[in-house]
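Reader: I would like a close look at a single part of this model, namely the sheet and the helices that lie on it. Please then set that part in the wider context of the chain.

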Amino acid sequence: MTSITKPKSTRDFDQQRDLPDAVRVANAMEGFLVEFGPHASSYMNACVRCGLCAEACHFYLTTGEAKYTPIHKLKPFEDAYHRTQSPFSWLAGMVGMAPRLSITELQEWEELIYDSCTLCGRCTLACPMGIDISELVKEARHGMYRAGLLPDRLAQITSNAETKHSPFGEPQEFIDTIHDIEKKYSISLPLDRPEADLLMTLAPGDLEDHQDSIVGVARILDHLKLDWTFSSIAFEATNFGYLSGDLELQGELTCRLIDKAREIGATTILLPECGHAWGAARWEAARWYGGPIDDIRIMHTIELLAENIQSGKIRVRPVGESATFHDPCQQIRRGGLGDAPRVALKALGMELHELEHHRETSFCCGGGGGVLANTRAAPLRQKAFELKRKEVEATGADHFVTSCGQCRLQFDRETEASGWDRQVESLLELVVENMIIEQE
Ligand code: SF4
Ligand code: SF4
């Protein structure tokens, strides 16, 4: 099966910003309208204003500011709905009562949609009406993007993903970095093999900050004797189209992975320790192919660890000591992988001291949904981190572990900024460090 929707990104984001205000508003409305399918319409009608979602959101809880309540973040989306799609929109339009959005209002909401929502889904869990607020915020970003409304740093990274192939850089920069890692760690990393069973992917943060994770995955794949490769044109798993609202880029990045896997005959695409990579590839790839991707397994690294630990193919030395685990939102609450990291921690013999809010109710690290890449959101991120820090300290655990590179980057930054004396650890790296390798 080949992709039936393979969009090509041709937009110039800066040009969109320079358009007349009325055109930008119209473009935003057009973007919102794309999303008003049956599910969004029923959500828009279902809210009973109970306010329960507010107490679920780390940004509202840590600031107390009403504008950060989840349902408030959907205001422009809601206005667009009532203006164009609600059962009485025709009547409201006739009598001039339909809400009219201005570019100023959209600019004010840009901060709410991008800075104060990590798409973590905790509010979705709390809503008694089953409204998926997180999903709606993501869909609202599609309209914002079309109006040229995006935080500067996120716009820059998205542009790199579009023009340079990856936020990390051009394919040649990736190839050079892979060779540097091979030399530094005395390891061989298969690259651009014409055929392989498994296509390994990465996050830019791995190449810059977490090279031990790249080497760790390679050691595990080799230990399992899997037939695998990196691809210099399909290595990028984080999807900045998904995060920015650039739907065309999202499709392009997703299709690049799936189509490359098919080209080399791979039956598995392995995703790195990353949360949104899992959401974009595992749950949204079907959007671009008109149905489920049933010839390729899209697998997360923590699934690989758990399954092979359970089958006995990966054996680890017990570390002992105690650990607490931060559940990355996209992997656990929105991704259903809550058991996998606990299988690995148990195998490591670590006594698990759960955070007060864990598994599906875990609080976000504060940097998901592109918020980590958004420079101006730093004060909000710091506040969200303090919530997590208190919970970690209350456990008294020896180790603070997680399975998402973006969460680690967020914790590392805030740890440094606040002078906290803890260091977050990678679950993958813990497994690799303690993996028993028998000499043949
Ligand atoms: S998805 Fe998370 S960050 Fe966004 S509004 Fe809901 S609880 Fe807050
Ligand atoms: S919890 Fe659900 S129903 Fe209640 S205010 Fe929030 S979105 Fe509306």
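Author: In this predicted model, helix H16 lies across strands S3 and S4, and its direction makes an angle of about 160° with S3. Helix H18 also lies across S3 and S4, but here the angle is stated against S4, to which H18 runs at about 85°.

The strands beneath these contacts belong to an open sheet of four strands, arranged in the order S2-S1-S3-S4 and paired in the parallel sense. Strand S2, residues 228-229, and strand S4, residues 297-300, stand at the edges with a single partner strand each, so one side of each has no neighbour in the sheet. Between S1, which covers residues 198-200, and S3, which covers residues 268-271, the parallel pairing extends over three bridges, and Leu199 is found opposite Ile269 of S3.

The wider setting is given by the division of the protein into domain 1 (13-150), domain 2 (164-306) and domain 3 (314-433). The C-alpha centres of domain 2 and domain 3 are 22 Å apart, and the contact between these two domains draws 26 residues from domain 2 and 26 residues from domain 3. On the side of domain 2 that touches domain 3, at least two residues each are supplied by helix H12 (204-208), helix H13 (211-223), helix H14 (240-244), helix H16 (276-283) and helix H18 (301-310). Thus H16 and H18, the helices described above as lying across S3 and S4, are also among the contributors to this side of domain 2. The most is given by H13, with six residues. Sorted by class, this side of domain 2 has 10 nonpolar, 10 polar and six charged residues.

A helix pair elsewhere in the chain can be described in similar terms. The axes of helix H7 (residues 103-114) and helix H9 (residues 133-146) come within 11 Å and cross at roughly 140°, and H7 and H9 are therefore oblique to each other. The crossing in which H7 passes H9 is left-handed. On H7 the contact is made by Leu106, Glu110 and Ile113, and on H9 by Val137, Ala140, Arg141 and Met144; by class, this contact has five nonpolar residues, two charged residues and no polar ones.

How values were computed: Residues are numbered from 1 along each chain as its sequence is written. Chains are lettered from A and ligands numbered from 1 in the order in which they are written. This is a predicted model: local features need pLDDT of at least 70, side-chain atom pairs count only at pLDDT 80 or more; totals for chains, interfaces and linings use all residues. Axes are lines fitted to C-alpha atoms, for helices over the stretch in contact, and angles run from 0 to 180 degrees between N-to-C directions. Angles under 35 degrees count as roughly parallel, over 145 as roughly antiparallel, 65 to 115 as roughly perpendicular and the rest as oblique. A crossing is left-handed if the near helix is turned anticlockwise from the far one by less than a right angle, and right-handed if clockwise. Two residues are in contact if their C-beta atoms, placed from the backbone, lie within 7 Å. Ala, Val, Leu, Ile, Met, Phe, Trp, Tyr, Cys and Pro count as nonpolar, Asp, Glu, Lys and Arg as charged, and the others, Gly among them, as polar. Domain bounds come from an automatic or database domain assignment. Two strands pair if DSSP finds at least two bridges between them.
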